[in-house]
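The following exercises concern the fold, the core and the backbone of one protein chain. Each task is followed by a solution in steps.

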Amino acid sequence: MASEPVSTPEEAFADVPDFDYEPRYVTIEGAPGQPEMAYVDTDPEGEAEETFLCLHGEPTWGFLYRKMIPTLAERGRVVVPDALGFGRSDKYTEREDYDYRLHYDATEEFIETLDLTDVTLVCQDWGGLIGLPVAMNNPERFARIVPMNTDCPTGTAEMADEWYDFRDFVERVEELPIGMLIQNATATELSDEELAAYEAPYPEEELKAGAREWPDMVPRADGGDGGDITSDAREKLGEWEKPAFVLFADSDPITRGARDPLRELIPTADEQPDTWIEGAMHFLQEDAGEEIADEIVAFVDRTSGA
């Protein structure tokens, strides 16, 4: 029996800088306790021709995309959800309440509820581990994919030593230092206000259950969850015929090695520029958000005849 979902009080977000978007909510009816999944939407009427769906990873939330949203919003609708357990979305307080299927189904239901179509998927870290399989299994809703510092693993690969260092730290630390984890994987020096914004969703330690569970959930040779879904999706990625722009940072030791195999796997990826985001680390949205947004808009323009 899952724990009842808990909401972070809205006042916890009172001092979040540069993210003055009205939070919206979708009830995820298929999840235990019917939690609310929060998101921001720059065009809630859906009038724009293009839609950008931006999915975050561990242990961030939609705030991560604040430097990219303005540029993307000039080109289309931008929808940025918080995964269950993160940001303004509801959270379970026990790690065992989270599994791969919960996140996959919630993301799929979210997209169906908003009836998103002609989607350009922008996904990083766990945003790709969830988002790429959702896109492969719902191709009629997706026009393009932009994987960034992520992968769609077979569930049989060995992980980098740096990944084990990170996972082991999350497992053993008594209080999970969200801001520190993000700063350590970001080349840019974040302000105190920005670090506080990443901590804002978790005024109580028990609310970090989702952030604690995601690292060990990565499908891999010696564990994880969801490998059957990601492995199947990887096969479908090998047959993807719509545009794909693989856009990785050059200074992320955890995901850098996945970049070339992913680019070689997706048939259309080599039709786009062989681009690295220079001087950026794992959270490349922080290090080069404006540059990345420009790259993505140019990608859309190249592949839409605009």
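Two strands are taken to pair if DSSP finds at least two bridges between them. The model under study is predicted.

**Exercise 1. Strand 5 and its partners**

Task: Determine which residue of strand 5 is the bridge partner of L53, and describe how strand 5 is joined to strand 3 and to strand 6.

Solution.
Step 1. The bridge partner of L53 is L121, a residue of strand 5.
Step 2. Strand 3 (residues 51–55) and strand 5 run parallel and are joined by five bridges.
Step 3. Strand 5 also pairs with strand 6 (residues 142–148), in the parallel sense and over six bridges. In this pairing Q124 stands opposite M148 of strand 6.
Step 4. To pass from strand 5 to strand 6, the chain goes through helix 3 (residues 126–137), and this β-α-β crossover is right-handed.

**Exercise 2. The two faces of strand 5**

Task: Establish whether the residues of strand 5 are buried or exposed, and which of them point one way and which the other.

Solution.
Step 1. The strand spans residues 119–124 and is mostly covered, with six of its six residues buried.
Step 2. One direction is taken by V119, L121 and C123, whereas T120, V122 and Q124 point the other way.
Step 3. Both sets are buried.

**Exercise 3. The antiparallel pairings of strand 2**

Task: Identify the partners of V26 and D41, and state how strand 2 is enclosed.

Solution.
Step 1. Strand 1 and strand 2 run antiparallel, joined by four bridges. Within this pairing, M37 of strand 2 is the bridge partner of V26.
Step 2. Strand 2 is likewise joined to strand 4 (residues 77–81), again in the antiparallel sense, by three bridges. Here D41 has V79 of strand 4 as its bridge partner.
Step 3. Five of the six residues of strand 2 are buried, so the strand is largely enclosed by the rest of the structure.

**Exercise 4. The largest nonpolar core**

Task: Name the residues that touch the most other members of the largest nonpolar core, and list the contacts of F110.

Solution.
Step 1. This core holds 97 residues, of which L53, F110, I145 and I296 touch the most other members.
Step 2. Helix 10 (residues 284–304) gives the most to the core, contributing eight residues.
Step 3. With neighbours within four places in sequence left aside, F110 is in contact with V26, I28, M37, Y39, L53, V79 and P81.
Step 4. Two residues of this contact list, V26 and M37, are also bridge partners of each other.

**Exercise 5. Backbone features in loops**

Task: Locate the cis peptide bond, and describe the setting of D18 and Q34.

Solution.
Step 1. The cis peptide bond joins E58 and P59, with omega about -10°. P59 belongs to the loop between strand 3 and helix 1 (69–75).
Step 2. D18 has a phi near 60°, a positive value in a residue other than glycine. D18 lies in the segment before strand 1 (24–27).
Step 3. A residue counts as exposed over 50% relative accessible area; because D18 has 59%, D18 is exposed.
Step 4. Q34 has a positive phi too, near 50°, and is placed in the loop between strand 1 and strand 2 (36–41). At a relative accessible area of 44%, Q34 is partly exposed.

**Exercise 6. The surroundings of D250**

Task: Describe where D250 is found and which residues are in contact with D250.

Solution.
Step 1. D250 is found in the loop between strand 7 (248–249) and helix 9 (256–265).
Step 2. Its relative accessibility is 25%, so D250 counts as partly exposed.
Step 3. Apart from neighbours within four places in sequence, D250 is in contact with R256, W276, I277, E278, G279 and A280.
Step 4. For one of these, E278, the C-alpha atom is separated from that of D250 by 5.4 Å, although the two residues are 28 apart along the chain.

**Exercise 7. The chain as a whole**

Task: Assess whether the radius of gyration agrees with that of a compact globule or departs from it, and characterise the chain overall.

Solution.
Step 1. The protein chain has ten helices and eight strands.
Step 2. For 306 residues, a compact globule would have a radius of gyration near 19 Å; the chain has 18 Å, which agrees.
Step 3. The C-alpha trace spans about 50 × 45 × 40 Å along its principal axes.
Step 4. Of the 306 residues, 57% count as buried.
Step 5. Among contacts between residues at least 6 apart in sequence, 78% join residues at least 24 apart.
Step 6. The accessible surface comes to about 12300 Å², and 43% of it belongs to carbon and sulfur atoms.

Methods
Residues numbered from 1 in each chain as written. Predicted model: local features only at pLDDT ≥ 70, side-chain atom pairs only at ≥ 80, totals over all residues. Heavy atoms only, no water. Core = buried A, V, L, I, M, F, W, Y, C linked by side-chain atoms within 4.5 Å. Buried < 20%, exposed > 50% of the residue type's maximum accessible area, 1.4 Å probe, protein only. Helix = DSSP H or I, 4+ residues; strand = E, 2+ residues; numbered from the N terminus. Contact = heavy atoms within 4.5 Å. Right-handed = clockwise from strand over helix to strand, strands pointing away. Rg over C-alpha atoms; globule rule 2.2 N^0.38 Å. Areas by Shrake-Rupley, 256 points an atom, 1.4 Å probe, with all protein chains shown as cover.
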